[in-house]
Amino acid sequence: MGRTVLGLDVGHGYTKLSYRDNKSDELVMRAFRSLASRHTESEFARTARNTRMSASIVTVEVDGAKFDVDVSEHATIVRRQGDWNESSDFPQRPEYRALIHAAVASTGLDHIDVLVAGLPVHTFQRYKAEIDNYLRHTISWERGQVTIGEVHVIPQPVGAMITLQAAGQGNLAGELSLLIDVGSFTTDWVVSRDLIIDFDRSGGRPGGASHIYRSVAEGLSAQMGEPFEQLNLIEQALRTGEPLRVYGAPVDLRPHQKLADQAALETVRAMQARLGGTQDLTFLLAGGGGHLYRQALAEVFPRNRVVELEDPRYRNVVGFVLFGEQGGW
């Protein structure tokens, strides 16, 4: 039996994880909202935790404080305005560490031989050592603990690059490509050929899907004549294609598309400045928010071929698993 490898990506919007099922050897890919709420011991909360309503909630303790994390992707969670983790210091927060604990606990494993985690490109140097050190400790939660052996912290888009190389997707081997990884709060881009990175043209910055959600919310607020702050509803509508309902009635988001495209355009222009000429590049679009940047990419780079990756939100964590199984670089 091979080593147990966990790929972990604690994103600003969703936490993604991947590992192999110990029976089928197939890759498990899961995601849940990156929302860690302070644990409460009220009578109502205790009763709720004993019902099926809360079967997917994991309670963890970080820095002496308890947090509840719902590890079900389909959990109904209404985010407050301050719950969107829209800050580059997110990896320093106790909520971030609570999400790590909950993700590891949700695997049902008691030992992980190799844990591979990712950080956005623009915060990688700043937080790599801190996250690496933290992950080397035993992860404890309310029902047990998980020991961790080897740890690797790598830039997030490297995971998607490894996945592509392993799958040979789109016959891209040997091509110079631009991988664009659009997350909830960040966008990373990496120019590479066969995992050899051109660092001068690669980069990352704040500016991802949540900027789109906020732009749409501004348009809705103006239309309604009152603040609309439920970004989770906008996120779900844009991700699933289901209509957004406000006060029980469907709302057409198309009139606000121009504002959304403008928000994406700012990030794409910043990427253009770093890239220089793009005649030599094939674009690869990944990340859970990649589809929101199609129009901006088409406007700024109308002649470049754009290949949208399959299962884009999981490309990084699957690559993390492959990285761990191959023993790193």
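A charge sits over a ring if NZ of Lys or CZ of Arg is within 6 Å of the ring centre and within 35 degrees of the ring normal. The exercises below use a predicted model.

**Exercise 1. Find the ring under the charged end of Arg-313, and give the distance from its centre.**

Solution.
Step 1. Start at Arg-313 and look for the ring below its charged end. That ring belongs to Tyr-14.
Step 2. Read the distance. The charged end lies 4.9 Å from the ring centre of Tyr-14.
Step 3. Turn to another arginine, Arg-97. This residue lies over the face of Tyr-134, at 5.9 Å from the ring centre.

**Exercise 2. Lay out the strand order of the open five-stranded sheet and name its edge strands.**

Solution.
Step 1. Write down the order. The sheet runs S12-S11-S10-S15-S16, and its pairing is mixed.
Step 2. Look for strands that pair on one side only. These are S12 (196–206) and S16 (306–308), the edge strands.
Step 3. Check the twist. Neighbouring strands in this sheet are turned by 20° against each other on average, direction ignored.
Step 4. Find the helix on the sheet. H4 (residues 156–167) packs there and touches S10, S11, S12 and S15 (282–286). The direction of H4 makes about 45° with that of S11.

**Exercise 3. Trace the pairing of S11 with S10 and with S12.**

Solution.
Step 1. Take S10 (residues 177–182) and S11 (residues 186–193). They run antiparallel and are joined by six bridges.
Step 2. Pick out facing residues. Leu-179 stands opposite Val-190 of S11.
Step 3. Move to S12. S11 pairs with S12 over seven bridges, in the antiparallel sense. Thr-187 has Arg-205 in S12 as its bridge partner.
Step 4. Inspect the turn. Two residues lie between the strands in the hairpin of S11 and S12, and Asp-194 there takes a positive phi near 50°.

**Exercise 4. Compare how S9 pairs with S7 and with S8: parallel or antiparallel?**

Solution.
Step 1. Begin with S7 (residues 111–119) and S9 (residues 144–155). Eight bridges join them, and they run parallel. Leu-115 has Val-151 in S9 as its partner.
Step 2. Now take S8 (residues 139–141). S8 pairs with S9 in the antiparallel sense, over three bridges. One bridge pairs Ile-139 with Val-146 in S9.
Step 3. Follow the chain from S8 to S9. A hairpin joins them through two residues.

**Exercise 5. Describe the two aromatic pairs and decide whether their residues are buried or exposed.**

Solution.
Step 1. Take Phe-90 and Tyr-96. Their centres are 5.1 Å apart, with 85° between the planes. Planes over 60 degrees apart count as edge-to-face, and this pair is edge-to-face.
Step 2. Check accessibility. Phe-90 has a relative accessible area of 1%, so it is buried. Tyr-96 has 3%, so it is buried too.
Step 3. Take Phe-283 and Phe-301. This pair is also edge-to-face, at 4.9 Å centre to centre and 75° between the planes.
Step 4. Place the two residues. Phe-283 is in S15, while Phe-301 is in the loop between H8 (294–300) and S16. They are 18 residues apart, and the pair links distant parts of the chain.
Step 5. Finish with burial. Both Phe-283 and Phe-301 are buried.

**Exercise 6. Determine how H4 and H9 are oriented and which residues make the contact.**

Solution.
Step 1. Read the geometry. H4 and H9 (residues 315–325) pack at about 75°, with axes 7 Å apart.
Step 2. Apply the cut-off. Angles of 65 to 115 degrees count as roughly perpendicular. H4 and H9 are therefore roughly perpendicular to each other.
Step 3. List some contact residues. H4 contributes residues including Gln-156, Ile-162 and Ala-166. Those from H9 include Arg-315, Phe-320 and Phe-323.

**Exercise 7. Locate Asp-25 and Tyr-247, and state what is notable about phi in each.**

Solution.
Step 1. Recall the background. Most residues other than glycine have a negative phi.
Step 2. Look at Asp-25. Its phi is positive, about 70°, although it is not a glycine. Asp-25 sits in the loop between S2 (14–20) and S3 (27–33). Its relative accessibility is 48%, so it counts as partly exposed.
Step 3. Look at Tyr-247. Its phi is also positive, about 55°. Tyr-247 lies in the loop between S13 (244–246) and S14 (249–251). At 70% relative accessibility, Tyr-247 counts as exposed.

Technical notes. Residues numbered from 1 in each chain as written. Predicted model: local features only at pLDDT ≥ 70, side-chain atom pairs only at ≥ 80, totals over all residues. Heavy atoms only, no water. Pairing = 2+ DSSP bridges. Helix = DSSP H or I, 4+ residues; strand = E, 2+ residues; numbered from the N terminus. Axes fitted to C-alpha atoms, helices over the stretch in contact; angles between N-to-C directions. Contact = heavy atoms within 4.5 Å. Phe/Tyr/Trp six-rings, centres within 6.5 Å; stacked < 30°, edge-to-face > 60°. Buried < 20%, exposed > 50% of the residue type's maximum accessible area, 1.4 Å probe, protein only. Parallel < 35°, antiparallel > 145°, perpendicular 65-115°, else oblique.
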